Amino acid sequence: MKSQILYPVYRQGVSGYENKSKTNFLMLNKKIISLVLCFCFVLVLPSCKRKKLTEVVEVPLPSAKEKITIGQPDDVTADEGQFPLVKLPFQYNELEPSIAILTMEVHYSKHYLTYTNNLNKLVAADTTLKDLTIEDLLKKADGSNADLKNNAGGYYNHSFFWEGMGPKSGGQPKDTLASVISKNFGSFENFKTQFSDTAEKQFGSGWAWLVLDKTGKLQVTSTPNQDNPLMPKQTVSGTPLLNLDVWEHAYYLDYQYKRKRYIENYFKVINWKKVSERYEEAIKK
């Protein structure tokens, strides 16, 4: 019987050869994969660069700023009607820095003009309102006709507002009005504080007023929207002497949300001579 011969060394060698072949195969695969990745990266990189360049090119250049042209108050004309556009008693820039030129231009030539034109259209359509003064019309504005109330109020309130301001104004009233303010409020500073607080605390759009009430006493009050003390059903009724517009369009371009600063600077442009004239006329009636 032939004896079975084992070849441990040979088989071990074969096994080592097989392992070595597998190792070589894996290393080769890794090299191939690395080459493929490098090749892909070379192809992709220029593409990324091209994309980046394309994105930069496609960004639009900033457009030139629009030039804002400011006209003159005398250039503003209303449609023909029963109530004329009250002439602004100063130039747009003459209340600076309290009220800036652009704010005045927009306020007068846009907002006020719109109220004036709308009011005249409404009056022309209603024969019962023909030949009425604006004061008499306001006394009839009980809210049953909201459009009439808002536009009549907008016309009167703004006309009154313009005439109560002026360049090189401010300070304190003199003569009779000064003594009456001290008598009714304790001092001018007390009046100023009360008027300012009332204007600041008016919720939303509206107006602050100094009014001569029906008993002959001076009072400070506020009204919402375009209401005023001449209209029925007001908290304080009477003859207006001074008013301040606290709608946002009156101050937002200059002061944003800082209504208090706007009110403080308003006192620098109050035409106290005009307010005194109003008081003298009111007590005669």
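This is a guided tour of one protein chain, moving from the whole chain to a long helix and then to a sheet.

**The whole chain**

Before selecting anything, bear in mind that this is a predicted model. With the whole chain in view, colour by secondary structure, and you should be able to find nine helices and three strands. Following the chain along its sequence, you pass through the pattern α-α-α-α-α-α-β-β-β-α-α-α, with the strands coming one after another between two runs of helices. If you switch to a surface display, the accessible surface amounts to about 18,300 Å², and carbon and sulfur atoms account for 56% of that surface. Of the 285 residues in the chain, 38% count as buried. Among contacts between residues at least 6 apart in sequence, 67% join residues that are at least 24 apart.

**Helix α4**

Next, select residues 146-163, which form helix α4 with its 18 residues. From its first C-alpha to its last, α4 reaches 26 Å, which is close to the 26 Å expected at 1.5 Å a residue. Now bring the rest of the chain back around this helix: 14 of the 18 residues of α4 are buried, so the helix is largely enclosed by the rest of the structure. Then add Asn145, which caps the N-terminal end of α4; one of its side-chain oxygens lies 3.4 Å from the backbone nitrogen of Asp147.

**The sheet**

Move on to the three strands, which form an open sheet in the order β2-β1-β3 with antiparallel pairing. The edge strands are β2, at residues 218-224, and β3, at residues 238-245, and each of them pairs on one side only. Looking across the sheet, you will find neighbouring strands turned by 30 degrees against each other on average, when direction is ignored.

To study one pairing in detail, select β1, residues 206-213, together with β3; these two strands pair in the antiparallel sense over seven bridges. Show Trp207 and look across to β3, where Asp245 stands opposite, and then show Trp209, whose bridge partner in β3 is Asn243.

Is β3, as an edge strand, mostly covered or mostly open? Seven of the eight residues of β3 are buried, and the strand is mostly covered.

**The helix across the sheet**

As a last stop, keep the sheet visible and add residues 188-201, which make up helix α6. This helix lies across β1, β2 and β3, and α6 runs at about 10 degrees to β2.

Key: Residues numbered from 1 in each chain as written. Predicted model: local features only at pLDDT ≥ 70, side-chain atom pairs only at ≥ 80, totals over all residues. Heavy atoms only, no water. Helix = DSSP H or I, 4+ residues; strand = E, 2+ residues; numbered from the N terminus. Expected span 1.5 Å × (residues − 1). Buried < 20%, exposed > 50% of the residue type's maximum accessible area, 1.4 Å probe, protein only. Polar contact = N/O pair within 3.5 Å; in protein donor to acceptor, adjacent residues only side chain to side chain. Pairing = 2+ DSSP bridges. Axes fitted to C-alpha atoms, helices over the stretch in contact; angles between N-to-C directions. Contact = heavy atoms within 4.5 Å. Areas by Shrake-Rupley, 256 points an atom, 1.4 Å probe, with all protein chains shown as cover.
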